[in-house]
Amino acid sequence: MSGTKLVMGASGFVGSHVTRQLVERGDQVRVWIRRSSSTVAFDDLDVERHHGDLDDDAAMRTAMKDVDTVFYCVVDARAWLRDPAPLHATNVEALRKVLDVAVEVGVPRFVFCSSVVTMAIAESGSADETMPHNWRHLGGAYIESRIQAEDLVLRYHRERGLPAIVLNVGTTYGPRDHGPTPHGKLVRAAARGKVPAYAKGASMEVVGIEDAAAAFLLAEEHGRPGERYIVSERYLPIKDLFDIAAREAGARPPKVGIPLPLMRVIGAVGGGVSRLLRKDSVVTSTSVRLMHIQTPLDHSKATRELGWEPAPVADSIRAGVRWFLDERAGSRPA
């Protein structure tokens, strides 16, 4: 599709890679960011910048005017927050305002970045897009906000005619993780040999960041409005993630595996300390549960309908490590 594209959330890991691939394809690209947002991920790209907050309807109307596609990559992914209000405010209520403006302006295509956490747990084999979510009561505030967000987008499609396509993206790895993301921090720590232990049995759905971004461009061209597409390459044990990153950097991978019962105790203690000190903790009972609860997913629908063919995620993990090491070396004083 030719014309102007708008990427909302272009300062983030996924959004910046979508922006980069659109520019490389030769598209005219607008980016929507807050004035306080970092622009390091796309400073080298020729893009039209629009600034504003997600409650600024007038600025959003201007940004969406005359675009043929909106790529929505805004998310608050801080699953560890004690207070869930910011998650709901950004992931649900701010999104509602964006959808209202998109419908009002008549955006021809709206590609929404959702998550694999809205996918079901399979009793056996792999889960796919047809299976209803069945673990909402176990996921906590972050998972609830992502489910509500996706439901909202699909409802706007059904009831208000928004031509929305939902991409359920796995945990992304690869180069140009400027943030870095929380999961990118784990890769960096492993590359430095700073991960002493891993959670036994912990696994996640993962995908290379460049393959994930490519799915957004394919969804714009081939995706069916009202449909969901799993964008995740494979189900990867966290031990394998650490091993791949450490070996690429020539570091020592973690050898000690912490069993699930002990991880549950650690999570309970972390949550208790968080409440006592009134300070957010990444390790809680909920976060430990999320490490072990999901099952493998089947991305064949994205391959069949979008033509999406992801490379092995291990290649992206290694590329991310190399990028991190190059950046680290480049930041050293001469």
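**Overall fold and local features of the predicted model**

Among contacts in the protein between residues at least 6 apart in sequence, 77% link residues at least 24 apart. The structure is a predicted model. The protein holds 11 helices and 12 strands. A compact globule of 334 residues would have a radius of gyration near 20 Å, and the value for the protein, 20 Å, agrees with this. Along the principal axes, the C-alpha atoms fill a box of roughly 55 × 55 × 45 Å. Of the 334 residues, 52% count as buried. The accessible surface comes to about 15200 Å². Carbon and sulfur atoms account for 50% of that surface. The protein carries 43 positive and 42 negative charges. The mean positions of these two sets lie 8 Å apart.

The interior was examined next. The largest nonpolar core has 32 residues. Within this core, Val 18, Leu 167, Val 169 and Phe 216 touch the most other members. Several elements give two or more residues to the core. The helices among them are H1 (13-25), H6 (209-222) and H10 (300-306). The strands are S2 (28-33), S5 (110-115), S6 (164-169) and S10 (228-231). Helix H6 gives the most, with 7 residues. Val 18 shows how distant parts of the sequence meet: beyond its neighbours within four places in sequence, Val 18 is in contact with Val 7, Phe 71, Cys 73, Ala 213, Phe 216 and Leu 217. Another core, of 30 residues, lies apart from the largest one. Its members include Ala 59, Leu 154, Leu 162 and Val 166.

Strand S7 and the loop that follows were then considered. Thr 172 lies in strand S7, which spans residues 171-173. Thr 172 counts as buried because its relative accessibility is 6%, under the 20% limit. Residues up to four places away in sequence aside, Thr 172 touches Phe 13, Val 14, His 183, Val 207, Ile 209 and Ala 212. The loop between S7 and helix H5 (182-191) contains Pro 180. The peptide bond from Gly 179 to Pro 180 is cis, with omega near -10°. Arg 176 is found in the loop between S7 and H5 as well. Arg 176 is not a glycine, yet its phi is positive, near 60°. With a relative accessibility of 31%, Arg 176 counts as partly exposed.

A positive phi also occurs at Asp 66, with a value of about 65°. This residue, too, is not a glycine. Asp 66 sits in the loop between helix H2 (57-64) and strand S4 (67-72). Asp 66 is exposed, because its relative accessible area is 62%, over the 50% limit.

Helix H7 covers residues 238-249 and includes Phe 242. Phe 242 is buried, with a relative accessible area of 4%. Its contacts, leaving out residues up to four places away in sequence, are Leu 186, Ala 190, Val 195, Ala 197, Tyr 198 and Pro 254. Phe 242 and Gly 193 are 49 residues apart in sequence. In space, their C-alpha atoms are 9.3 Å apart.

Toward the C-terminal helices, Pro 310 occupies the loop between H10 and helix H11 (313-330). Pro 310 is buried, with a relative accessible area of 16%. Pro 310 touches Asp 211, Glu 233 and His 299, residues up to four places away in sequence not being counted. Pro 310 and Ser 232 are separated by 78 residues in sequence. Their C-alpha atoms are 8.2 Å apart in space.

Leu 290 is located in helix H9, residues 285-293. Leu 290 is in contact with Trp 135, Gly 139 and Ile 143, its neighbours within four places in sequence left aside. Leu 290 and Leu 22 are 268 residues apart in sequence. Their C-alpha atoms are 33 Å apart in space.

Notes: Residues are numbered from 1 along each chain as its sequence is written. This is a predicted model: local features need pLDDT of at least 70, side-chain atom pairs count only at pLDDT 80 or more; totals for chains, interfaces and linings use all residues. Side-chain values use heavy atoms; hydrogens and water are left out. Helices (H or I, at least four residues) and strands (E, at least two) are DSSP runs, numbered from the N terminus. The radius of gyration is taken over C-alpha atoms; the globule rule is 2.2 Å times the number of residues to the power 0.38. Buried means under 20% relative accessible area, exposed over 50%, partly exposed in between (1.4 Å probe, protein chains only). Contact means heavy atoms within 4.5 Å. Accessible areas come from the Shrake-Rupley method with a 1.4 Å probe; for residues, only the protein chains shown count as cover. Lys and Arg count as positive and Asp and Glu as negative; His and the chain ends are not counted. The place of a charge is taken as NZ of Lys, CZ of Arg, CG of Asp or CD of Glu. A nonpolar core is a set of buried Ala, Val, Leu, Ile, Met, Phe, Trp, Tyr and Cys residues joined through side-chain atoms within 4.5 Å.
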